[in-house]
Amino acid sequence: MAYFYLLLAAFLWGLIGPVSRLAFQEGLSPLLVAFFRAVIAWAFFALHALLLRQVRLLPKDLPALLLFGLVGVSLFYGSYQLSVGFGGAALASVLLYTAPAFVALLSRLVLKEALDRLGLLAVALTLLGVGLMGLGGGSQVKALLPALFFGLLSGFTYALYYIFGKLYLPRYATPTLFLYALPVGALGLLPFVEFAPLGPAALWALLFVGAFSTYGAYLAYYAGLRRLPATRASVLATLEPVVANLFAFLLFREVLSPLGYLGAGLVLLAVLLSVRR
């Protein structure tokens with residue numbers, strides 16, 4: 001069952017980009033989708049935390065958790081949706097997986113962990129892969145530089161989940177952290193949101209992203225993580241960009257150029273090296 005839970009989590013995460021594009025086609029902006037993703041997921045995490053009575057938080061940890069809400073939710077959710085909007089779901093999903101390279105660098109700076117040759121090689125492969133994707137582009141790229149910028153920003157802010165988790169997950173359950181972080185993240189996005197009418201298709205897309213690809217994916221991932229080592233779980237999570245590319249092609253005929261796929265392969269190789277390290 002552990003493998004099933006982890007593969008389910010990666011599958012659900014991989015659908016964020018393609019399903020978000022369905023919402024974009026209904027007239028919703030990327031930041032509006034990010035806002036509703038945070039609000040809907042918060043409703044489920046809040047109910048979860050209340051039912052299990054996991055709502056207590058030490059006052060000294062509140063400032064860090066509020067900061068995480070702004071960076072790990074507002075910036076992360078917003079930048080990823082903007083990356084999908086500017087560059088398509090296929091390109092955005094691979095750029096998101098530059099996160100392990102940022103983790104290696106942040107671990108050296110924040111956690112004082114050693115950066116060995118394997119870590120440096122992973123960082124170098126990531127940079128080369130991103131460069132090749134930038135040269136190659138893809139069939140749905142509307143604006144390459146914003147797509148790369150927001151894609152790399154999503155990877156950087158995603159990497160902060162690891163650093164934050166190292167510091168705070170031993171003290172709190174996951175629903176407790178998101179109970180406080182998600183509403184802060186939603187409020188951080190609110191000034192930049194332009195509301196639009198929600199048709200049935202847009203509403204279903206938002207519900208899927210918030211309930212299944214956020215709340216459900218986290219539950220599945222941590223259920224699997226309790227039964228398997230973290231390194232093996234991380235390897236299985238690399239299925240996410242594969243799922244995103246597959247459904248981006250099936251739904252929207254999105255493809256990367258040959259150089260783009262070569263760059264994507266180098267980024268995923270860097271992920272596997274980082275996990276092994």
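**Is threonine 176 buried or exposed?**

Is threonine 176 buried or exposed? Its relative accessible area is 3%, so threonine 176 is buried (buried means under 20% relative accessible area, exposed over 50%, and partly exposed in between, using a 1.4 Å probe and protein chains only). You'll find threonine 176 in helix H8, residues 174–189 (helices here are DSSP runs of H or I with at least four residues, strands are runs of E with at least two, and both are numbered from the N terminus). Setting aside neighbours within four places in sequence, threonine 176 is in contact with Gln54, Val55 and Arg56 (contact means heavy atoms within 4.5 Å).

A quick word on what you're looking at: this is a predicted model, where local features need pLDDT of at least 70, side-chain atom pairs count only at pLDDT 80 or more, and totals for chains, interfaces and linings use all residues. Residues are numbered from 1 along each chain as its sequence is written, and side-chain values use heavy atoms, with hydrogens and water left out.

**Helix H4 and its bend**

Let's look at helix H4, which covers residues 62–96. A straight helix of 35 residues would span 51 Å at 1.5 Å a residue, but H4 spans only 27 Å between its end C-alpha atoms (the expected span is 1.5 Å times one less than the number of residues). Where does H4 bend? The bend is at glycine 88, and it's about 125° (that's the angle between axes fitted to the seven residues ending there and the seven starting there). As for its surroundings, 26 of the 35 residues of H4 are buried, so H4 is largely enclosed by the rest of the structure.

Glycine 88 also turns up in a pairing with leucine 256: the two are 168 residues apart along the chain, and their C-alpha atoms are separated by 9.7 Å. Leucine 256 lies in the loop between H11 and helix H12 (258–276). With 8% relative accessibility, leucine 256 counts as buried.

**H4 meets H11**

Two packed helices are described by the angle between their axes and the distance between the axes. For H4 and helix H11 (residues 239–252), the angle is about 175° and the axes are 8 Å apart (axes are lines fitted to C-alpha atoms, for helices over the stretch in contact, and angles run from 0 to 180 degrees between N-to-C directions). H4 and H11 are therefore roughly antiparallel to each other (under 35 degrees counts as roughly parallel, over 145 as roughly antiparallel, 65 to 115 as roughly perpendicular, and the rest as oblique).

Who's doing the touching? On the H4 side it's Ala89, Ala90, Ser93, Val94 and Leu96, and on the H11 side it's Glu240, Pro241, Ala244, Asn245 and Ala248. Sorted by class, that gives seven nonpolar, two polar and one charged residues (Ala, Val, Leu, Ile, Met, Phe, Trp, Tyr, Cys and Pro count as nonpolar, Asp, Glu, Lys and Arg as charged, and the others, Gly among them, as polar).

**H2 under cover**

Helix H2 (residues 16–25) is mostly covered, with eight of its 10 residues buried. Those buried residues are Ile16, Gly17, Pro18, Val19, Ser20, Arg21, Ala23 and Phe24. The cover includes helix H1 (2–14), H3, H4, H9 and H11. Just after H2 comes glycine 27, with a positive phi of about 95°.

**Two buried residues in H9**

Glycine 210 lies in helix H9, residues 200–225, and is buried with a relative accessible area of 0%. Glycine 210 and valine 39 are 171 residues apart in sequence, yet 7.6 Å apart in space, C-alpha to C-alpha. Not counting residues up to four places away in sequence, glycine 210 touches Arg37, Ile40, Ala41 and Tyr215.

Leucine 206 is found in H9 too, and it's buried at 2% relative accessible area. Leaving aside neighbours within four places in sequence, leucine 206 is in contact with Leu28, Val33, Phe36, Ile40 and Leu198.

**Two exposed arginines**

Arginine 53 lies in the loop between H3 and H4. Its phi is near 55°, a positive value in a residue other than glycine, and at 76% relative accessibility arginine 53 counts as exposed.

Arginine 253 sits in the loop between H11 and H12. Phi of arginine 253 is positive as well, near 60°, and this residue is exposed with a relative accessible area of 52%.
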